[in-house]
Amino acid sequence: MNNQYRNLLFLLFIYLFTMNVENLVRKNILALKPYSCARDEFQGEASVYLDANENPMNAPYNRYPDPLQWKLKEKIAKLKSVNPSQIMLGNGSDEPIDLVIRIFCEPLVDNIVAIDPTYGMYKVCADVNNVEYRKVLLNDDYSLDATRVMNTVDKHTKIIFLCSPNNPTGNLLNRNEMKHIIQNFDGIVVIDEAYVDFSPEQSWLVEINTYQNIIVLQTFSKAWGLASVRCGMAFASEKIISFFNKVKYPYNINILTQQFVEEQLENTDRKEEWVTMLLGQRTYLVEQLNKLPLIQTIYQTDANFVLVKVEDANAIYRYLVDLGIIVRNRNTVALCLGCLRITIGTQQENDTLLQALKAYTY
């Protein structure tokens, strides 16, 4: 097959899939008439608001927030080089994870495929929605086998979840393996990029106009230091985002969150300074951990944490807890026997951990 013919087939695939996205959506969601809130019925500003039964006192908090967060989306769109209509904002990334299952998966009929180990909320949301969740083990080195994933797919598979950099392993998934899945799966591929700011690889956002079946998740919780603010981002085609907006609760992002995140977006230099600091501390921590005899393996990481294998994960975890040092025990997770996941902290926090590990006795 020559390159010209292959490119024509690829363009045909994109065209056909663009036309068929609605065929993946649950029939009741297609027929759903979404709740029409007061702020949906006009654009711009008014001088008198008597439409939403709000208290006229205590402005601006007496008013319902913009249900589609256009002002904030416009700032994010500029930062991410996307269209505002290609963005859905959620209460953390967990909200769009839940919504994508509700939009595309018929309970007790459809199924979801995901790598294992990975972020635990994919399975929790599948279980809450009564949708079968199929796990596909990564290779022993935590690399992705696209063929194994595709062999798990059947006619009822609607979504594949791929977290890259992956949690708890920390590594980037091979881009060619991911692309093979995206190009050969007739469903939705969710790419979770919660840790992309700590990775040297380009975000999949550059592909959302090429592949109409991908949803890219990012968050303000990690690199931006806003975990308690609870604001996650889903990026996709305008068609997919329209279904998110149809199904989500009207005022899912409150005005305090919208305003605060807008303010933080003015501090991109500070965010980049934090990322640079954390990457430096990641290198430092890995170097120092390598000197400790209790550390058996330190796995490659492209995130703001590192997964390490130790001699007795449960004992070391309890020892650290007793000292007031909290890491994550991943000993019972698939392919992570004997492993602890350590978040990169400040120099002082990392040194406190290292001193404690140096003093550990069996």
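This tour moves through the structure from the whole chain to its sheets, helices and pockets.

**The whole chain**

Please begin with the complete chain in view, bearing in mind that the model is predicted. The chain contains 12 helices and 11 strands. Its radius of gyration is 22 Å, close to the 21 Å that the globule rule gives for 362 residues, so the chain is as compact as a globular protein of that length. Along the principal axes, the C-alpha atoms occupy a box of roughly 70 × 65 × 40 Å.

**The seven-stranded sheet**

Next, select strands β1 to β7. These seven strands form an open sheet, and their order is β1-β7-β6-β5-β4-β2-β3, with mixed pairing. Which strands stand at the edges? They are β1, residues 87-90, and β3, each of which pairs on one side only. When the sheet is viewed across its strands, the twist from one strand to the next averages 20 degrees.

Now restrict the selection to residues 214-219 and 232-235. The former are strand β6 and the latter strand β7; the two run antiparallel and are joined by four bridges. One residue pair to display here is L217 with A234, its bridge partner in β7.

Two helices on this sheet may be added to the view. Helix α5 packs on the sheet and touches β2, β3, β4 (157-163) and β5 (188-192). The direction of α5 makes about 155 degrees with that of β3. The other helix to select is α7, residues 175-184, which also packs on the sheet and touches β4, β5 and β6. Its direction makes about 150 degrees with that of β5.

**The four-stranded sheet**

Move on to strands β8 to β11. Here four strands form an open sheet in the order β8-β9-β11-β10, with antiparallel pairing. The edge strands are β8, at residues 295-298, and β10, at residues 328-329; each pairs on one side only.

Within this sheet, select β9, residues 305-310, together with β11. How many bridges join β9 to β11? There are five, and the two strands run antiparallel. To inspect one position, display F305, which stands opposite T343 in β11.

Then add residues 313-322, which are helix α11. This helix lies across β9, β10 and β11, and runs at about 35 degrees to β11.

**The largest pocket**

Turn now to the open spaces in the model. For the largest pocket, select R39, E45, Y64, P65 and D66, which lie nearest its centre among the 20 lining residues. The elements giving two or more residues to this lining are α3 (70-80) and α9 (255-264). Of these, α9 gives the most, with four residues. The space in this pocket amounts to about 740 Å³. Colouring the lining by class would show nine nonpolar, four polar and seven charged residues.

**The second largest pocket**

The final stop is the second largest pocket, whose volume is about 380 Å³. Which residues should be selected as the closest to its centre? They are T118, Y119, G120, N167 and R330, out of 22 lining residues. At least two residues of the lining come from each of β2 (111-116), α5 (121-128), β3 (132-137) and β11 (339-343). The contributing elements thus include strands β2 and β3 of the seven-stranded sheet, as well as β11 of the four-stranded sheet. By class, the lining of this pocket divides into nine nonpolar, six polar and seven charged residues.

Methods: Residues are numbered from 1 along each chain as its sequence is written. This is a predicted model: local features need pLDDT of at least 70, side-chain atom pairs count only at pLDDT 80 or more; totals for chains, interfaces and linings use all residues. Side-chain values use heavy atoms; hydrogens and water are left out. On a 1 Å grid over the protein atoms alone, a cavity is a set of points where a 1.4 Å probe fits but cannot get out, and a pocket is an open set with protein on both sides within 12 Å along at least five of seven lines; lining residues have an atom within 4 Å of a point. Grid points are joined across faces, edges and corners, and a volume is the space filled by probe spheres set on the points. Ala, Val, Leu, Ile, Met, Phe, Trp, Tyr, Cys and Pro count as nonpolar, Asp, Glu, Lys and Arg as charged, and the others, Gly among them, as polar. Two strands pair if DSSP finds at least two bridges between them. Contact means heavy atoms within 4.5 Å. Axes are lines fitted to C-alpha atoms, for helices over the stretch in contact, and angles run from 0 to 180 degrees between N-to-C directions. The radius of gyration is taken over C-alpha atoms; the globule rule is 2.2 Å times the number of residues to the power 0.38.
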